[in-house]
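Colleague: I would be grateful for a close look at a single part of this model, with its surroundings described in one connected account. Please keep to what can be computed from the atoms.

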Amino acid sequence: MAAECVPEGSDLKEMGEEDVWELINDNRHRISLGVKPCMLIPYLRQARVLTEMDEDEILSCLKLTNRSMRTSHMLDLLRIQGRDGAMALLESLMIHYPTLYTQVTGRKPSAQPSGFSGLIKYSDLTEYLVRAVTGMQKELQEARQEASRLGMRCTSLEAELGQTLEQGEESRRLKADHGRMRKQLAAAHHDILKLKDEKCDLYVRYTAAIEERSVANIHCSDLNLQVYQLQFELRKAQTETDFERQHSLKCTTPSKTQQLQDEISTLRRQLLEAEKFTPAREDILAQDLADARDGGIELAEQLRCYREDNEQLARERQEIVEQKECLALQVQKLSLDCEMYQQKSTVIQNQLRELQAERDHAYLSRDEAQAQIARSLAEKDMLRSQLVELQEKVFTLRAWGACRGGPDTPGERKFSWESQGSSSDSLSSSPRPRARLRRMHAICPDSMSGCSIKSGDISPSSVRSQNVEPPCPESLRRREETLWYNRDSSETAECDSLLDNDFVFIPSENEVEQSVMSPMPSCQGNNSDGLSRASAPPFLLRSRPRAMRITGRVLTISFQGEALPSQLQVVGGNKTGVFIHQVTEGSAANNVGISSGAQILEVKYEQAQQALRMVLEDSTLEEAMWALGQVRGFCHLSLRPNQDAYEKLLLQLQSGEAMSGDSFYVRVNMSLPGGSQDALTVSCNDILHVTSTRPAGIDCSWRASHVHPCQLLDLKTGNMPNYYRAQRLLIRAIEDMSFQPMTLRKAQEKKKTVRIVSTGRQGRNPLWVCVEDSKDKSTGPGDASAPRGCVTLMPYTLVTPHYPPVCRPVLLLPTILGRVLDKKLAEWQGFQLCEPELLSSSEHAARLQRSEVLEECEQGGQRCYTLQSVERVMKQGTHCVLPLGLDCVRRLHRAEIFPIIIFIAQSKCSARKLKSKVQRQGWSEEQLLECSRSEEPLLDKLPCLYRSISPGSWCDSTALLTTLRSIIWEEQKKIVWVEPDLW
């Protein structure tokens, strides 16, 4: 075909652009099918007919779904380059596809430099050809290696074929033996049938002999009866003969003899008549017999009715006895509850009495302090009054002296005014009476600045007052600004202690007069009104001013937080953070400048004379609402401006993408039946995804979903009890189980309903907000402000998902049965038994210190199972079978290795199936059952899930191994959920 298109004598360099592209287009189909673009693109890039963008478009475009389409698109791009594109294409074909080049152009490929068009420099062309030759050599080497590998594979297949032929020959021999044995079995079966027939004949003969014997016995008994009758007749005849003989001897006359014979005949007739039944008598006897039978039937019927009544009464009695037992248990339970409530009430009353005593003591201390302060103020008031009187007298005397001695110079007059330090329009002979002091509630400095207080001029540089008179509002404002901006996070407690010495006075009239007392002297000022020396001792109340502290981007605001949930409305949760959504107009939070969009980090407040700190940065919405509801009085709120996260959360809530900002996973430790329509039915050890801790319109509930075992996908969604309602349900379930009869308890043990888990060493509930004492930064066991109660049972535990590698280790329990099955399981493909390592004394001590020793083979020995041996097996892509106990699980978890734990439950029947295998290892059935009973409760303390196999799900060891293999494959696909180690 190429020879027809191009004459033999013509050269490609002499052909025009259209001729060359016509030649390529004639063979376009062949080029599209036989060329890989990735092999030609390097040369075309070197010839500068394709750019990097063209290369990406050819190799990465999603519209080009196969190699032919990519090659065709490359030809289209080269057509745009004209003659250079065509020549570069043909030269690349000559280098990489010489056969196709010959088919297209009709010429043989040439490696001479004259055979190229000159698009690439000679040095670059040589370098490219060297790289191409090197690449071809590598491909040739790989092809040879592939051929050798295929040859080895063929050899192995031939060996396997030979083994298969040998196995076929062996199977044919076995078939011949099988046929021979079947024939022998058929002959033996025929002999057995013959023996059975002979045995049946013997049985028939034996039966006939027994029947003949019974007939002979009957005939013998008849003969004995006849003999007895004959003997009776013989005795009767002898008696008659003796009687006649006696009468014949006594009565010699014939008349008497005849008379006796008549009597005998008469007696014989009567005897015959007595022996024979008349028809009437027979009818009477038959009627009596029928009546007797009817009476017996009636008596039997009455007896049956009496028996049924007796059985019914017995059943009713049993039910009444059971009801009595249940009522007795309920009475016992109620009595225990009553005693518990009485003890609780007694403890509460004792605590109330102690609190009342402490409160009375505090009141007394407060009254004493207030009385002492009042006395000090009264003394100060008296001294102030005396000072004012002395100043007035001095001023009067100076004025009188001036009137007598002449007018003073301006300098002297100025000195006298400045020495007084006050400005007065008129002279007063005596001070005005002061208003009486009264007790009032603490007020903010904002309200203090609005009070009607008249004062004189104050020096701008003065911050503290220099006079005993109360400071003016300007001084208060400057003092507040100075304390506000000069305070940092390390000086907050010192500033609070300094501000605790500020007090507020309330006069008896409607006019408000304030006096702020400080340990340091205040600025100079004068008031036209004075305090009465005869007034009653005033009562002082502490006024806490508003304070702010800025640390980085965190803003700490202090304000009056009474009924804080009514002032602030919050949204969010542990995933997004808790944000302020709405602030009530006119509230204290609104007055201090709190606005929506700020994230709440922590809240500090005082309760029962103890400073508490609650961290809300990663708390749920329910925890945040509870924490804000605990605030009573003055509080410090730490906020962080985070408007972007707040707006993103609002968009998610409005679009329905999320129900709240909460998102965490829990493991359920009890079974919860779905009562209502929207309630979620939960079994023990289920994994749930909690998406909202405060669903709208539902109290004391969470919104959660079941989780797919192999992916993080939510399945069925519904409501479930929150933590503390579930805790009460858990306690009630445990109490019900403890008071149940043994029959019901054994029936419920087959299905696990409760998993007992407590907080252990942590001392607090990990699902609740952290409450810290500001003094020691910890919450003691007896701290009443901590949200954890006296009961530490946990209905839910937090879990985190882990995605283990392809092959996880396998741990079989109970330990005795695991020792039996480990070697059998390791013989399967994809499983390998963990081998112990022999360590030196120093290496053993070092690894033991690093917690790398899982278990020792013998006490005090140097052969140990280590983490490194398990990791070596896992790197090979096989399951490591662990011949260890439960103690190794936590050590493996600390190394991020999560084994598949399978517990094979045991019963007497299942232990009997494994009797021979267990006895080979030196154990007995009783030891196996005891080991199973002792290790089963320890499984609930593991921080991960495990798989259990019931005793009735397998029939022998082979079926058990098959079940284990399928379970391991299923568990390998699942997500591993691990809870924090609470023990």
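Modeller: A residue is called buried here when its relative accessible area is under 20%, exposed when that value is over 50%, and partly exposed in between. The model is a predicted one, and the part examined is helix α4, which spans residues 37-46. By the cut-off just given, the buried residues of α4 are Pro37, Leu40, Ile41, Tyr43 and Leu44.

The packing of this helix comes next. Two packed helices are described by the angle between their axes and the distance between the axes. For α4 the partner is helix α7, residues 83-96. Their axes lie 9 Å apart and make an angle of about 125 degrees. Angles of 65 to 115 degrees count as roughly perpendicular and those over 145 as roughly antiparallel; α4 and α7 are therefore oblique to each other. The crossing in which α4 passes α7 is right-handed.

Beside these buried positions, α4 carries a charged contact. Arg45 forms a salt bridge with Glu55, and the closest N and O atoms are 2.6 Å apart. This pair links distant parts of the chain, with Arg45 in helix α4 and Glu55 in helix α5, ten residues apart. Arg45 counts as partly exposed because its relative accessibility is 32%. Glu55, at 22%, is therefore also counted as partly exposed.

Between these two helices the backbone deserves attention. Arg48 lies in the loop between α4 and α5, the latter covering residues 52-60. Just after α4, Arg48 takes a positive phi of about 65 degrees, and this residue is not a glycine. Most residues other than glycine have a negative phi, and most peptide bonds are trans. With a relative accessibility of 68%, Arg48 is over the cut-off of 50% and so counts as exposed.

Further backbone features of this kind occur elsewhere in the chain. Ser851, in the loop between α23 (841-849) and β21 (853-856), has a positive phi of about 60 degrees although it is not a glycine. Ser851 has a relative accessible area of 36% and is therefore partly exposed. The peptide bond from Leu813 to Pro814 is cis, with omega near 0 degrees. Pro814 is located in the loop between β18 (810-813) and α22 (815-826).

The salt bridge of α4 can also be set beside others in the model, where the count comes to 29 salt bridges. Among them is the contact between Glu308 and Arg304, at 2.7 Å from N to O. Both residues lie in helix α11, four residues apart, about one turn of the helix. An α-helix has 3.6 residues a turn, so residues three or four places apart point the same way. Glu308, at 41% relative accessibility, counts as partly exposed, as does Arg304 at 37%.

Another salt bridge joins Glu930 and Arg933, with an N to O distance of 3.3 Å. These two residues belong to helix α28 (residues 925-935) and are three residues apart. Glu930 is partly exposed at 45%, whereas Arg933 is exposed at 52%. In addition, Glu170, Arg173, Asp177 and Arg180 are linked in a network of salt bridges.

To return to the part requested: α4 has buried residues that include Leu40 and Ile41, packs with α7, and is linked to α5 by the salt bridge of Arg45 with Glu55.

Notes. Residues are numbered from 1 along each chain as its sequence is written. This is a predicted model: local features need pLDDT of at least 70, side-chain atom pairs count only at pLDDT 80 or more; totals for chains, interfaces and linings use all residues. Side-chain values use heavy atoms; hydrogens and water are left out. Buried means under 20% relative accessible area, exposed over 50%, partly exposed in between (1.4 Å probe, protein chains only). Axes are lines fitted to C-alpha atoms, for helices over the stretch in contact, and angles run from 0 to 180 degrees between N-to-C directions. Angles under 35 degrees count as roughly parallel, over 145 as roughly antiparallel, 65 to 115 as roughly perpendicular and the rest as oblique. A crossing is left-handed if the near helix is turned anticlockwise from the far one by less than a right angle, and right-handed if clockwise. A salt bridge is a side-chain nitrogen of Lys or Arg within 4 Å of a carboxyl oxygen of Asp or Glu.
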